[in-house]
Amino acid sequence: ADIPVIPDLEEVQEEDLAMQVAAPPSVQVNRVLTYHDLDKDLMKCAAFQTLDGEVDLKLLTKVLAPEYELREDDVSWDWDHLFTEVSSELVTEWDLGVPERED
């Protein structure tokens with residue numbers, strides 16, 4: 001008596017949700033800090049001078065690389081060229097590292 005019933009197409013069309021639009025999610029956007037802003041904050045805040053109140057980070061902050069040294073130009077590449085280049089370098093290293101046998 002309790003046989004599951006497959007709904008008719010007419011019933012499904014009445015419940016059509018395609019015309020209903022969901023509300024978009026609300027996302028809070030935070031501004032991303034630049035390297036320059038981070039550098040300024042690093043030198044201003046005493047919190048960055050020590051770690052856990054015990055480890056002195058002043059020496060580390062003095063030798064951190066500046067932003068201009070970290071910037072790199074975007075270089076386009078394709079998989080085949082990159083794979084060939086790396087494979088060639090590996091084969092060259094292996095050939096130089098293994099002495100040839102004379103039989």
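In the predicted model, Phe-83 is partly exposed, with a relative accessible area of 48%. Trp-79 stands at 56% relative accessibility and counts as exposed, because the cut-off for exposed is over 50%. The two residues lie 4 apart in helix H5, so about one helical turn separates them.

A search of the whole structure finds 1 aromatic pair. Trp-79 and Phe-83 form a tilted pair, at 5.8 Å centre to centre and with 35° between the planes. The pair counts as tilted, neither stacked nor edge-to-face, because stacked requires planes under 30 degrees apart and edge-to-face over 60.

Both aromatic residues also belong to a nonpolar patch on the surface. The patch further includes Trp-77, Leu-82, Val-86, Leu-90, Val-91 and Trp-94. Together, the patch residues have about 880 Å² of accessible area. Leu-90 is found in helix H5. Leu-90 is partly exposed, with a relative accessible area of 36%.

The protein chain contains 5 helices and 2 strands. From the N terminus on, the order is α-α-β-β-α-α-α. Of the 103 residues, 5% count as buried. The chain exposes about 10,900 Å², and carbon and sulfur atoms supply 57% of that area.

Confidence varies among the elements. Helix H5 (residues 79–97) has the highest mean pLDDT, 90. Helix H1 (residues 9–14) has the lowest, 65. For the protein chain, the mean pLDDT is 76, and 72% of the residues reach 70 or more. Where pLDDT is low, the predicted coordinates should not be read in detail.

How values were computed
Residues numbered from 1 in each chain as written. Predicted model: local features only at pLDDT ≥ 70, side-chain atom pairs only at ≥ 80, totals over all residues. Heavy atoms only, no water. pLDDT = per-residue confidence, 0-100. Buried < 20%, exposed > 50% of the residue type's maximum accessible area, 1.4 Å probe, protein only. Areas by Shrake-Rupley, 256 points an atom, 1.4 Å probe, with all protein chains shown as cover. Patch = residues over 30% accessible without salt bridge, like charges linked within 9 Å, V, L, I, M, F, W, Y side chains within 5 Å. Salt bridge = Lys/Arg side-chain N within 4 Å of Asp/Glu carboxyl O. Phe/Tyr/Trp six-rings, centres within 6.5 Å; stacked < 30°, edge-to-face > 60°.
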